[in-house]
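I opened the model and went through it with a notebook beside me. These are the entries, in the order I made them.

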Amino acid sequence: QQQQQGVSKDEIRIGTIQDLSGPLAGFGKQARNGMQLRVDELNEQGNIHGRKLKLFVEDSGYDPKKAVLAAQKLVNQEKIFIMAGHIGTAQNMAAMPVQFEKNIVNFMPITAAREMYEPLHRLKYSFAATYYDQIRLALPKMIKEKGAKKVCTIYQDDEFGLEVQRGAEAGLKTAGLELAEKTSFKRGATDFSSQVARMKAANCDLVVLGTIIRETIGTVGEARKTGFNPTFLGSSAAYTDLIHKLGGKAMDGIYATMTVQNPYTDEQSQPLRFWANKYKTKFNEDPTVFSVYGYVIIDSFIKAAQKAGPNLSTDSFIKAMDSMTFEPDMFGSAKSTYTATKRLGNDQSRLSQIKDGKWVVVSDYVTP
Amino acid sequence: MRFIFKTSYDQDIRLARHGGHVFWYGLLVAFLIVAPWAIDEYWLAQLTFVLIYGIVGLGLMLLAGFTGQFSIGHAAFLGAGAYTQGVLTNMGVPFPIALLAAAALSAAVGVVVALPALRVKGIYLGIATLSFGFIVEEVFARWESVTGGNAGLHVKSPQLFGWSLGSGSGFYFLCLVVAVLSTLGILNLLRSPTGRAFVAIRDSEISAQSMGIHLARYKTMSFAISAALAGLGGALYAHKLSFISPDQFNILQSIDLLLMVVIGGLGSVHGAFLGAIFLIAMPQLISMGKDWLPAVIGQAPGLQGLVYGVVLIAFVLFEPLGLYGRWLKIRTWLQLFPFYRKGLFKRQKSFTKSDRLR
Amino acid sequence: MTDVVLQLLNVESAYGPIKAIRGVSLKVRQGEIVTVLGSNGAGKTTILKTISGIIDPRKGSIEFQGKDITAKDPAHIVQQGLSHVPEGREVFPLLSVKDNLLMGAYTRKDRDGVARDMESVYAYFPILRERAMQDAGLLSGGQQQMLAISRAIMAAPHLILLDEPSLGLSPKLTKEIFEIVVRINRERGTTILLVEQNANMALNASDHGYVLENGRIVMEDTCERLREKEDIKEFYLGVKDDGVRGERRWKKKKTWR
Amino acid sequence: MSSSDVLLSAKDLSVRFGGVLAVSKVSFDVRRGEVFTLIGPNGAGKTTVFNLISRIYTPTMGEITWHGEAAGPLALTQQAPHAIAALGIARTFQNIELFEHATVLHNLLIGRHTHRQTGFWSEVFFTPATRRAEIAAREKAEQVIDLLDLQHHRDSMVAGLPYGVRKVVELARALCTEPKLLLLDEPSSGLNVEETADMAFWIQDIQHELGVSVLMVEHDMSLVSKVSDRVLAMNMGEVLATGTPREVQADSRVVEAYLGTVDDVSSLRRVAA
Amino acid sequence: MQILQLLLSGIAQGCIYGLIALGFVLIYKATETVSFAQGDLMMLGAFGAFAGMSLFGLPFWLAALLAVVAMAAFGVLLELVVIRPILGQPQFSIVMLTIGIAYVARGLITMVPGIGTDTHTLPVPYKDQIWKLGELVVNLEQLAIIIATAILCGLLFAMFRYSKLGIAMQASSQNQLAAYYMGIPVKRLNGLVWGLAAAVAAIAGMLLAPITFVHANMGFIGLKAFPAAVVGGFGSLPGAIVGGLVIGIVESFAGFYLPDGFKDTAPYIVVLLMLMIKPNGLFGEKLRKKV
Ligand SMILES: Nc1ncnc2c1ncn2[C@@H]1O[C@H](COP(=O)(O)OP(=O)(O)OP(=O)(O)O)[C@@H](O)[C@H]1O
Ligand SMILES: Nc1ncnc2c1ncn2[C@@H]1O[C@H](COP(=O)(O)OP(=O)(O)OP(=O)(O)O)[C@@H](O)[C@H]1O
Ligand SMILES: [Mg+2]
Ligand SMILES: [Mg+2]
């Protein structure tokens, strides 16, 4: 048997590709920090069957071509054992063939696209409930609660936004409704007046937001100004502390689905607060959900690698993963399980709402 | 210094001007042929990218460097080629036919772009091509039934006579052959009336016209050839990445392409390939350099953009003729050694005149 | 009046590896009109460009009114009171004729003086007044030449460098131009350095002349004496043996080469 | 004068730019094999006439007829600008419009453009036919280089040439198109007496040995009298006089508007004094 | 009513484009280069004001003033360090430089720890205030942009038309050599132009900040201002405003009445149509070389 790439007597090499210079540089950096935090924790406190972790970070600038180059570098040059937490849908799609050619697992990429586990591939593992599922499951519940009659959507004109929009359509079907109005915008747009005008003209009373941060604020802000006040429901992409920090009062009342909780440093829960402050001390900035993602991904990897035993190889790792169960953690993620045919940990999310400038969990995990 | 005494017209027309050329280019080709055995897989992949971008650069060089028409939307042609190739290969069309179709369709798109471009120059042309680039990107994203929309498109690996060219070295040779053939074609064109007509248009439209050059036809032709090469490159790119999505062909890609030819050296065929080497090597160098820097800087997001910008600025400031210009100086220095005089390449003051009147 | 306004000492200028002038020394005295003659490519334009700082000389020094102006910024040199009518007109094509003239007076602060000079320039070339609001780029070649000369006059300089002022002007205007040059010289005391292909005119109008060949000064004298030299007569004035030369197809070599 | 003698005829040409009537009702004929010269004060509209012939401007009124084709007369105003050269009309420009970033030889080869025989694909593959065509083009260019004594500058970049040489290069480039009619806009401006004399010889050679008709704009009266067969004087866009050089120069209106009355240049000194 | 409201938001958005386009035109008129860095200078200006207000706790007006002054100084410095050395080289080199400057500006800001990668708000005093005229809603943030754009346009127009300095700037862009011959201090003017452009960018950045927030990529909106400048005619200041309005209004109506996707491509389609009908834009001079 050939020597397993990326695993030596005392080291496991983990690669990740983040956006450190492009439009998502903020998230990329936070995810990297989260990963680094867990890697350092492990290296300080122990090891995995005698092996320390080494994290290799490459910058894709959110550009698929650079992602391929980065993947080639990590796979062929740095000889990584696993690719973990790679950010971006198109970037993952472009990089995966490079990895798969060398039998390297694409472990829990930071994107909630279905392609991260579908079609089934032995090297794919995904952890995030997809935007599609989030909205599909949450929307009927919201409609029932609010007694909504006309549901509209505004979504970013890319794969992410489309997933939200498709989720909304699927969710509406179960409630026996149809989309009353469908509007979109291009990534980076700053003006949402005509989209809001269209939804207002359609008399919508519930708007599904396929938006991220600035677009969420822009849309909701524009709506509030023009006196259009439906219920707003966003996906986990809109679940960040920036929404209320930037948008201020106008953002109060909007809902979003989420899988992990925002780690406020003055959080009620003690371990989470401790963690958040540790992060802040190390990186001199507040942690966000992306820091959590990064942390959790490495944490999951460690657990699986421990289980895989001293003979760590791609095959033994897959074998270990395919019988893994991760219990709910302090960040509020649901219990997730993996098998040889189920490569998405769980598809559930909770609803949160902004109340007095802070995200508050308002429902339990929504189950179909 | 080498003096060449010309004794026949043939000597003037030949591609290789003297024995030295034959020797050095021979060496280069020999290296490129043995490369798959000589260098490891990672570097071979990089070399393949260099060839692909070199082909695209060749086209843009023809347009910008030789015809004087700057395109800030060249990624659209790249995309047209890539999508044509992707869609056709996935439909099972044989590889060579798909490749030709990609080039042809891109050329057709080039002709369409040329229509509004014929009447405008300078910045107006730049913005026209930029606009076109945006529209084409939007088409890729919206025409979901064919392009797969924003979800992107997976491209099957190429098959030639039952061989799979998907592997590293097979595909490398494919790119090498296409690159060499396109280069020869462009060089031939440039030493023929068509190439001279392009240069004439670049230098003075009014006298080109008075020499009987049909401006519209030659500009269109230049756009078409340039687009065709971009399409060829795009087709190979699609296979190399095996996944294409609309945002790979956005404005940033277009600017990268433009930077490539400028840094390579406008107005030289060498420049296209030197620029491609630069474009591919640069991120690698930056990420290598990262590890040497203190973490606050080395690990900071945005470093790549910063270095990229600084290098670009440095190039414009210190080597406006690009990598090829630098090479020429080094070569002259070597040839003149030890008689090189300091002032030889001192830049004289120079002055700009309005480009609006041309 | 013997104080030297402009002095070039052993100036050498080059375009890249090509040397255009080699070791040129010349002097222009206050109130004089000095002309430089020379065939194509001799380096006349290069001398003028070197003086006004458009080209930096490799060697040598240039003094203007006792101050060293070698390789200074052209704008700085002009502000010292030197004005250059360049070869090839160089008007501002998209500015109106009037704005072009105003730019000529950019370095001046005296509004009244500028207005007066504007009037006198319009008097020299009435067509400029007629076209005052037209874009200068649309003027005919000769009209642009008039504008270029007028612009230099507007600067009210101590020294004007004139590079082929008669280029493209009608015979009548050519004469008028030289009259104007001489008048400016006499009336305002402006010193003039003149480069001209029309040697006949130039030698008539000037006090002192230099002959430039292949970047070197090969002859220097007062204009009266220059006019009498055989070579000057044959090659620059074209007066000698018209009959013989008229049939001859081969260039006769100049004796000083 | 039979009409078959005429190569190009302009009839009632007028063109207006905004408020300026640059050319007004100008008519003239250029006959085969002659040197026909336009003179006139600055801004008379001479260059504009050239621009009308080479289709840079379109006349507001009037027409230009070309008799150079075997098929019969052709309305030049119907032609596309780039088609003019192919008909056999080449020109030079008053302000010199060369291809600056190319060598002299390259400039001349571009002059051969209308004679190109090769197709796109044969050029891409550089077939033997293309090679032969290239060599033929070079031979022709060399002939012109020989004629105009440009051997010295063959491989120099145009950007670095002195003004006078550029004028000659422009003439050479026009000759490379093998024109039937050559339009020269102030060929001697910027040349000294000696060089002007050479220019005169060249124009005569072009007229007699190459059999090319010449339409010229020129301010140097010695050159005009030496080479032109007929002269047309213009002023303010209108025709003042037509005739032999001697006749036109004697015309009082021409003298007044163009030549100037003060004839003795040495009078300058007196004016000054 | 619907139409009026759409028109109003189109105008407001158009003024944003116009405001940025003013910066392009300013630089173009005075140096004949197209600055790809204008959007990023704008971003720097906004960050400057943000730093003044939240890091140093200055009041808005003071921070705004300081940001404009600082950016003007920065513009002058920029010219001195990177642009002046190649002044006189083909304009295209300078265009490339501005692309480089844009990269550097974005990279530098992104590298600022804790600030660069985040999005911020600029707490302007008029934030989130609206006026209601019957059913019409006027946003104070947008009104500020409309007013500032009009004033800036007027001032710049007057400068180029009537002041010796302004004419000299145009002169140096049209023929640098001749400008030197006239004794125009081309280099100093060039510095002034870039300083001015940076100041205009800073103003634009601060006006824009309440609407688009302050973040490293806010400069990309400049890409929409290019079409505005072209539609108006690149060398014309009023053209920039009119072009901006055309683009803004077209966008607004296309977003409401046309199928999805047209809102974002409409400006570019308008540009292409414009270039086919009127290649020099609405207000551009018809330029032709006289030979
Ligand atoms: N930009 C340039 N690059 C290279 N060489 C140049 C350049 N400009 C001029 N030269 C060379 O310098 C020499 C002198 O040129 P210059 O223009 O000074 O001549 P001149 O006497 O003014 O001629 P003319 O009467 O034709 O104007 C010429 O041999 C010319 O080839
Ligand atoms: N495109 C144009 N727009 C406006 N006016 C023009 C244009 N072209 C020429 N003119 C005007 O028409 C008149 C004739 O110009 P033209 O260039 O034909 O003169 P010319 O006879 O060649 O004079 P010169 O001997 O000075 O070259 C001039 O007054 C000029 O200003
Ligand atoms: Mg000269
Ligand atoms: Mg003329």
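**Salt bridges inside the chains**

I began with charged side chains and found a network of salt bridges that links A:R38, A:E41, A:K278, A:D299 and A:K303. A reminder to myself: this is a predicted model, and I only took side-chain atom pairs at pLDDT 80 or more. Over all chains, the count comes to 56 salt bridges.

I then picked single pairs to look at. In chain A, I pulled up A:D315 and A:R122, which form a salt bridge with their closest N and O atoms 2.6 Å apart. I checked where the two sit: A:D315 is in helix α11 (residues 314-321) of chain A, and A:R122 is in the loop between β4 (105-107) and β5 (124-125). That puts the partners 193 residues apart, so I filed this one as a link between distant parts of the chain. Buried or exposed? A:D315 counts as partly exposed at 48% relative accessibility, and A:R122 is partly exposed too, at 38%.

Next I went to chain B, where the side chains of B:R142 and B:E138 meet in a salt bridge at 3.1 Å, N to O. This one is local: the two residues are four apart in helix α6 of chain B, so about one helical turn separates them. I looked up the accessibility of each partner. B:R142 is partly exposed, with a relative accessible area of 30%, whereas B:E138 counts as buried at 4%.

My pick from chain D was D:R112 with D:E178, a side-chain salt bridge at 2.7 Å, N to O. D:R112 lies in the loop between α3 and α4 (120-124) of chain D, while D:E178 lies in the loop between α6 (163-176) and β7 (181-185). The pair is 66 residues apart and links distant parts of the chain. I have D:R112 down as buried, at 13% relative accessibility, and D:E178 as partly exposed, at 38%.

**The magnesium ion**

Which protein atoms are donors of the magnesium ion (ligand 4)? I got D:T47 through OG1 and D:Q94 through OE1, lying 1.9 to 2.1 Å from the ion. D:T47 is in helix α1 (residues 46-53) of chain D, and D:Q94 is in the loop between β6 (89-91) and α3 (104-111), so the pair ties together parts that are 47 residues apart in sequence. I checked the burial of both donors: D:T47 is buried, with a relative accessible area of 10%, and D:Q94 is buried at 4%. I did not take this donor list as complete, because water is not among the atoms and sites may look incomplete.

**Chain B against chain E**

Which chains share the most contacts, of the eight pairs of chains in contact? They are chains B and E. This contact takes 49 residues from chain B and 59 residues from chain E. The two chains bury about 4900 Å² between them, with 74% of it on carbon and sulfur atoms. I looked for the main contributors in chain B and got B:Y124, B:T352 and B:R356, which lose the most area to chain E and together make up 17% of what that side buries.

I counted zero salt bridges between chain B and chain E, and three residue pairs in polar contact. On the chain B side, α6 (122-142), α12 (251-264) and α15 (303-318) each supply at least two residues. By class, that side has 33 nonpolar, seven polar and nine charged residues.

**Chain A against chain E**

Here the contact takes 29 residues from chain A and 32 residues from chain E. The buried area is about 2500 Å², and carbon and sulfur atoms give 50% of it. A:R214, A:K225 and A:L246 supply 27% of the area that chain A buries against chain E, more than any other three residues.

I counted two salt bridges between chain A and chain E. I noted A:K225 with E:E141, whose side chains meet at 3.7 Å, N to O. I also have nine residue pairs in polar contact across this interface. Among the elements that give two or more residues on the chain A side are α1 (25-45), β7 (179-185) and α7 (214-225). α6(A) gives the most, with six residues. The chain A side divides into 11 nonpolar, 10 polar and eight charged residues.

Last, I looked at pairs that do not touch. Chain A and chain C have their nearest C-alpha atoms 38 Å apart, and no contact joins chain A and chain D, whose closest C-alpha atoms lie 32 Å apart.

Technical notes:
Residues are numbered from 1 along each chain as its sequence is written. Chains are lettered from A and ligands numbered from 1 in the order in which they are written. This is a predicted model: local features need pLDDT of at least 70, side-chain atom pairs count only at pLDDT 80 or more; totals for chains, interfaces and linings use all residues. Side-chain values use heavy atoms; hydrogens and water are left out. Contact means heavy atoms within 4.5 Å. Buried area is the accessible area (1.4 Å probe) that two parts lose on being put together, summed over both. A salt bridge is a side-chain nitrogen of Lys or Arg within 4 Å of a carboxyl oxygen of Asp or Glu. A polar contact is a pair of N or O atoms within 3.5 Å; within protein, one must be able to donate a hydrogen and the other to accept it, and residues adjacent in sequence count only if both atoms are side-chain atoms. Ala, Val, Leu, Ile, Met, Phe, Trp, Tyr, Cys and Pro count as nonpolar, Asp, Glu, Lys and Arg as charged, and the others, Gly among them, as polar. Donors are N, O and S atoms within 2.8 Å of the metal (3.2 Å for Na, K and Ca); water is not among the atoms, so sites may look incomplete. Buried means under 20% relative accessible area, exposed over 50%, partly exposed in between (1.4 Å probe, protein chains only).
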